[in-house]
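Reader: I have a structure to go through before the afternoon. Can you walk me through it?

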Amino acid sequence: MVLLGNPNIQSEHMIAYEAGYRTQPKEGLSFDLTGFFNKYQKLLSNENLPGYFDATSVPPELVIPKPHSNKMYGTTGGIEVSIRWKVTGR
């Protein structure tokens, strides 16, 4: 196996948005509600290049290059809800 480097690799980049609300309507009862959205860019990916046979190596080998690049992107998002209820003082 042959590992090929890539001098053009860049750092992955993420922008995150989050907003939330918390309330305690009475003692022993509280609610949390949070929404979030994350945007990812320049994620690390592997690219498939055509393979070739290297007869000059000992022993001869089949080289299948899979260099790294920054061609992936993605998003995540969701809502988190939390309820805390203290039933008794004990």
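Author: One term before the layout: two strands count as paired if DSSP finds at least two bridges between them. Bear in mind too that this is a predicted model.

Reader: Fine. Which order do the strands of the open sheet take?

Author: The open sheet has 3 strands in the order β1-β2-β5, and the pairing is antiparallel.

Reader: Why do β1 and β5 each have one side without a neighbour in the sheet?

Author: β1 (13-26) and β5 (68-85) are the edge strands and each has a single partner, so one side of each is left without a neighbour in the sheet. From one strand to the next, the twist averages 10°.

Reader: Over how many bridges do β1 and β2 pair?

Author: β1 and β2 pair over 12 bridges, in the antiparallel sense. In that pairing, Tyr-17 stands opposite Phe-37 in β2.

Reader: And what is between those two strands?

Author: The hairpin of β1 and β2 has 2 residues between the strands, and Gly-28 there takes a positive phi near 90°.

Reader: What about β2 and β5, how many bridges?

Author: Strand β2 (residues 29-46) pairs with β5 over 15 bridges, again antiparallel. Tyr-40 stands opposite Gly-74 in β5.

Reader: Change of topic. How many helices and strands are there in the protein?

Author: The protein has 0 helices and 5 strands. Read from the N terminus, the elements go β-β-β-β-β.

Reader: What radius of gyration does it have, against a compact globule of 90 residues?

Author: The protein has 25 Å, where a compact globule of 90 residues would have a radius of gyration near 12 Å. Along the principal axes, the C-alpha atoms fill a box of roughly 80 × 30 × 15 Å.

Reader: And what share of the residues is buried?

Author: Buried residues are 14% of the 90 in the protein. In β1, the number buried is 0 of 14 residues, so that strand lies largely in the open.

Reader: Ser-30, then: buried or exposed?

Author: Ser-30 counts as buried, because its relative accessibility is 18% and the cut-off for buried is under 20%. The residue sits in strand β2.

Reader: What is Ser-30 in contact with?

Author: Leaving aside neighbours within four places in sequence, Ser-30 is in contact with Thr-23, Gln-24, Pro-25, Ser-82, Ile-83 and Arg-84.

Reader: Now His-68. Where is it found, and what does it touch?

Author: His-68 is in strand β5. Not counting residues up to four places away in sequence, His-68 touches Asn-6, Ile-9, Leu-44, Ser-45 and Asn-46. With Asn-46 there is a side-chain polar contact of 2.7 Å.

Reader: How far apart are His-68 and Gly-5?

Author: His-68 and Gly-5 are 63 residues apart in sequence but 7.1 Å apart in space, C-alpha to C-alpha. His-68 itself counts as partly exposed, at 37% relative accessibility.

Reader: What share of contacts join residues at least 24 apart?

Author: Among contacts between residues at least 6 apart in sequence, 61% join residues at least 24 apart.

Reader: Last one. What pLDDT does the protein average, and which elements have the lowest and highest means?

Author: The protein averages a pLDDT of 90, and 96% of the residues score at least 70. Among the elements, strand β4 (residues 61-63) has the lowest mean pLDDT, 85, and β1 has the highest, 96.

Methods: Residues are numbered from 1 along each chain as its sequence is written. Side-chain values use heavy atoms; hydrogens and water are left out. Helices (H or I, at least four residues) and strands (E, at least two) are DSSP runs, numbered from the N terminus. Axes are lines fitted to C-alpha atoms, for helices over the stretch in contact, and angles run from 0 to 180 degrees between N-to-C directions. Buried means under 20% relative accessible area, exposed over 50%, partly exposed in between (1.4 Å probe, protein chains only). Contact means heavy atoms within 4.5 Å. A polar contact is a pair of N or O atoms within 3.5 Å; within protein, one must be able to donate a hydrogen and the other to accept it, and residues adjacent in sequence count only if both atoms are side-chain atoms. pLDDT is the predictor's confidence in each residue, from 0 to 100. The radius of gyration is taken over C-alpha atoms; the globule rule is 2.2 Å times the number of residues to the power 0.38.
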